[in-house]
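Here are my notes on the model you sent over. Have it open beside you as you read, and we can go through the points together.

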Amino acid sequence: MLEIRHLNALIALAETGNLSKAGRRLHLSQPALSHQVKSIEQHLGVALFERKSNPLRLSPAGERLLVTAHEVVKLLRQSERD
């Protein structure tokens, strides 16, 4: 099951394009973040990033999930405020 931490990891990686920078933003080590991303990909059965690019770029599946991630995180923040 996807968790909010997975969605936050996807957003941070998409925004920074770099595992180390995203890890610092999320207070995670680069290996821990990399493991999290691989876990999400295994769960979904798709690659979320094109790993041969620098900076990291989202795959088409990653782009679709990013849209959902932004919506879910926004709704959760609104719920917390309410």
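1. Let's begin with charge. The protein chain carries 12 positive and 8 negative charges, and the mean positions of the two sets lie 8 Å apart. Please keep in mind throughout that this is a predicted model.

2. On to pairing. Side chains of opposite charge can pair when their charged atoms come close. How many salt bridges does a search of the whole structure find? The search turns up 3, and the next points take them in turn.

3. Arg5 and Glu3 form a salt bridge through their side chains, at 2.8 Å from N to O. Both partners can be placed on the accessibility scale: Arg5 is partly exposed, at a relative accessible area of 43%, and Glu3 is also partly exposed, at 38%.

4. The salt bridge between Arg25 and Glu15 has an N to O distance of 2.3 Å. This pair links distant parts of the chain, since Arg25 sits in helix H2 (residues 19–26) and Glu15 in helix H1 (residues 4–16), 10 residues apart. Arg25 is partly exposed, with 43% relative accessibility. Glu15 is partly exposed too, with a relative accessible area of 48%.

5. Glu50 and Arg57 also meet side chain to side chain in a salt bridge, this one at 3.3 Å, N to O. Is Glu50 buried or partly exposed? Its relative accessible area is 34%, so Glu50 counts as partly exposed, given that buried means under 20%. Arg57, at 49%, is partly exposed because exposed means over 50%.

6. Now for the overall fold. The protein chain has 4 helices and 2 strands. Reading from the N terminus, the order of these elements is α-α-α-β-β-α. The radius of gyration is 12 Å, close to the 12 Å given by the globule rule for 82 residues, so the chain is as compact as a globular protein of that length. Along the principal axes, the C-alpha atoms fill a box of roughly 40 × 25 × 20 Å.

7. A word on contacts and burial. Among contacts in the protein chain with a separation of 6 or more, 44% join residues 24 or more positions apart. Of the 82 residues, 35% are buried.

8. Finally, the surface. The protein chain exposes about 5500 Å², and carbon and sulfur atoms supply 52% of that area. If you look back at the side chains in the salt bridges, you will find Arg5, Arg25 and Arg57 among the partly exposed residues.

How values were computed
Residues numbered from 1 in each chain as written. Predicted model: local features only at pLDDT ≥ 70, side-chain atom pairs only at ≥ 80, totals over all residues. Heavy atoms only, no water. Rg over C-alpha atoms; globule rule 2.2 N^0.38 Å. Buried < 20%, exposed > 50% of the residue type's maximum accessible area, 1.4 Å probe, protein only. Contact = heavy atoms within 4.5 Å. Areas by Shrake-Rupley, 256 points an atom, 1.4 Å probe, with all protein chains shown as cover. Lys, Arg positive; Asp, Glu negative; His and termini not counted. Charge placed at Lys NZ, Arg CZ, Asp CG, Glu CD. Salt bridge = Lys/Arg side-chain N within 4 Å of Asp/Glu carboxyl O.
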